[in-house]
Amino acid sequence: MSSKLKLFSFSGGIHPPENKHMTENKKIETCKSPDIVTIPLLQHTGAPCEPLVAKGDEVKLGQKIGEPKGYISAPVHSSVSGVVKSIETVDLPTGIKANAVIIENDGKDTPEEPLTSGKRLEDFSIKELQNLVLEAGIVGLGGACFPTHVKLSPPDDKKIDIIILNGAECEPFLTSDHRLMVEKPEEIIYGMKVIMKILNVSQGYIAIEDNKPDAINIMKEAAQKEKGIQIIALPTRYPQGAEKQLIYAVTGRQVPAGGLPADIGVEVNNVCTAAAIARAIQTGMPLYQRIVTVSGGAVKEPKNVLVRLGTSFRDVIEFCGGWTEEPAKIINGGPMMGTALHTLDVPVTKQTSGILLFTKKEAEQPEPSNCIRCARCHYVCPIRLLPMNISAQSLLGNYEEAEKLHALECIECGCCSYICPASRPLLQSIQVAKKEIIEARKQNA
Amino acid sequence: MSNYIVSSSPHIRTHESTSRIMLDVIIALIPAGVVSIWKFGVKSLWVILLAVISSVLTEYIVQKLTKKTVTINDFSSAVTGLLLAYNLPPGAPWWMVIIGSVIAIALVKHAFGGLGHNFMNPALAARAVLMACWPVHMTNWISPGSDAVSSATPLVLRKISDAATSATSAATSSATSGATAGATAASMELPSLLDVIIGNIPGSLGEISSAALLIGAAYLLYRGVINWRIPFTYLATTFVLTLFINGWDFYDAFYQLFLGGLILGAFFMATDYSSSPVTSLGQIIMGIGCGILTTVIREFGGYPEGVSYSILLMNVATPLIEKYTMPKIFGEVGSRV
């Protein structure tokens, strides 16, 4: 399908330096299988898993080692075969701590029984597919890590009529989605078909920012023969890939404040998630590896790497030749929304889309000064909030006032802090306000 | 153990800074300053230098005395000094310039919390105080090129000629005062439109050349330091209202746009970040409000010009305007994108 579609444009947004040139033309390389993997039992939004193995147990590649507790959760699997060394609390790259299964790799990659084998997509029932997505431990690989099986089982009163795959990849530096689209377009299309089948939807869009013309062309070619799947080129503007902004850009529908995409009949998944679904169905293997962009000025050989979950950041950096100079800052994810880490000894999880090593110069940030009320934060806010006012109230501890200014609607894209000429910690103070507001609501409930 | 920097996202920042914005304003004000020095000679230069230096010095002293970080390198006090100078007559006495700077920086800016917290435009507030205290010095206009020849600004002439016309036409019997005013107006004709736009007129030292100010304004718009909302609605409102009040005299309505510091006020003073609304709708209301007040003061008030008072009045209305013009957020009922 190639009919011209009317695109909508969200308000606000920024054009930070893209810095994708370091890795956008580099083929995905498979990272060396590490001697030891640290597999956290919490790699998703929701409840952590219960371990299914104990110290000394032998595990196989793809074996389920963590059982989800609760509906909003997802199982975790071993990314190597070997012996469980211990189960202990570790630092996660998101800045929190969680229990993890530490496995010594025997290097044999003895595989677990596949979840499914050789069945064609037409022969699966919807229930079987939903269960497969759950059993394969698939979560949103764009960064939110929301369990995908939950998204693929919407309540009956929410009728979904449009599926969007998010290939915008608007974060600077990151190119893992880009490379996936260029190298494995058929996996993405297959995953899209699975999602469309599960949700009984005939309209599917794959949205890509127009700074990736090669990916757009390749995806268009791959989608040519597919009914109902259309490739959309979106203008390059951060945060084009933010869920609400993406839905608006493609469909013109606005997710109501405080609502979910399903409220307006739309479901968004990352292209990586779609590919993971495809792989689970085609190979029967659960999600045990992901593509990670390793970049930043301090990395010796910036790369896109296929990494087994649980591999430490240090091993991944080593695979990329180490660093040219001692990095000043380590970031899990992109530079706009990623988390700065105090150590390289954290495992790659389902959430890790990028590892950035910033040089001293790249990490430099000016000291904050007085707000001059230039309102640039307001102009760039894709939600049209008044970040400087919310921030001012937050810094004074007036969280109720911050709530009245819609602090909870903030999507934490970071445009406000990026653009602030006074370098004020706008997003940071809004995040504090959000936390306090949610805390207060819990107390009052 | 290595020490990696841990900070909240985002991890990249724009290169724009407060000092860069202030520097842009200074750059934008240069053409008008050059015309002023060309027209009024070195007198202008002295007032400009004195105002800038005393403003920066005042900020330095205030911040030292209150044990705060000295922030004179953000250029904001230099901008205030420059704007104050542009609002003074070219021959303003030195002590008046210094007093004005101290009022602007110490009283209007720092007493209320410093940069970003002043509730009025500091330069305009200082001008208003000086005007109230030393009206003679503040209206001692001189003609460009001549040496200390007292003159009247075109707006004053316009006011006198208006009064004369209405007086002569209304009451032929008691025409004494009218005739006198008429004679004065006749002897001092209104300058041509070209002179007015270039700046070949008496007036405050930075306001005279609308052409030079517009060049600066275009630069500020291009750099994104200001947006069109306040200045354009301000000028449009003034134009339309004057047109309406003066019986569809297009020439006069156009002519008076370039008088009395309207261009300086609309682009450089009413757009002051601290004392104007941040919301889009609020900025439009600010512009319209300034336009209405300026026209009313000019046409019906006792003063010949009303730019500074109208901006100051709208400055104090700013918090109220903001309160009632909060934008609808994304996804809110009835919001536009």
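## A walk through chains A and B

Let's start with how chain A is carved up: domain 1 spans 121-283 and domain 2 spans 376-444. Keep in mind as you look around that this is a predicted model. Measure over C-alpha atoms and the centres of domain 1 of chain A and domain 2 of chain A sit 29 Å apart. The two do touch, with six residues from domain 1 of chain A and five residues from domain 2 of chain A taking part. On the domain 1 side of that contact, you'll find four nonpolar residues, one polar and one charged.

Now zoom in on some strands of chain A. Strand 10 (residues 203-209) is a good place to stop, since six of its seven residues are buried, leaving the strand mostly covered. Strand 9 (residues 162-167) of chain A runs parallel to strand 10 and is joined to it by six bridges; in one of these pairings, Gly167(A) has Ile208(A) of strand 10 as its bridge partner. Strand 11 (residues 229-234) of chain A is also parallel to strand 10, again with six bridges. Here Ile206(A) is partnered with Ile231(A) of strand 11.

Elsewhere in chain A there's an open sheet of four strands, in the order 2-8-7-4, with antiparallel pairing. Strand 2 (36-40) and strand 4 (58-59) are the edge strands with a single partner each, so each has one side without a neighbour in the sheet. Strand 7 (residues 82-91) and strand 8 (residues 97-105) of chain A run antiparallel and are held together by nine bridges. To find your way along that pair, look for Ile87(A), whose bridge partner in strand 8 is Val101(A).

Over in chain B, have a look at two helices. The axes of helix 1 (residues 18-40) and helix 10 (residues 210-223) of chain B come within 7 Å and cross at roughly 170 degrees. An angle over 145 degrees counts as roughly antiparallel, and therefore that's the label for helix 1 of chain B and helix 10 of chain B. Among the residues making the contact are Ile27(B), Ala28(B) and Pro31(B) from helix 1 of chain B, and Leu213(B), Gly216(B) and Tyr219(B) from helix 10 of chain B. By class, the residues of this helix contact come out as 14 nonpolar, one polar and two charged.

Finally, what about the two chains together? Their contact takes 55 residues from chain A and 31 residues from chain B. On the chain A side, helix 6 (243-251), strand 15 (329-332), strand 16 (339-341), helix 13 (415-419) and helix 14 (426-444) each supply at least two residues. That side of chain A splits into 34 nonpolar, 15 polar and six charged residues.

Conventions
Residues numbered from 1 in each chain as written. Chains lettered and ligands numbered in written order. Predicted model: local features only at pLDDT ≥ 70, side-chain atom pairs only at ≥ 80, totals over all residues. Contact = placed C-beta atoms within 7 Å. Nonpolar A, V, L, I, M, F, W, Y, C, P; charged D, E, K, R; others polar. Domains from an automatic or database assignment. Axes fitted to C-alpha atoms, helices over the stretch in contact; angles between N-to-C directions. Parallel < 35°, antiparallel > 145°, perpendicular 65-115°, else oblique. Pairing = 2+ DSSP bridges. Buried ≥ 20, exposed ≤ 12 C-beta atoms within 10 Å, placed from the backbone.
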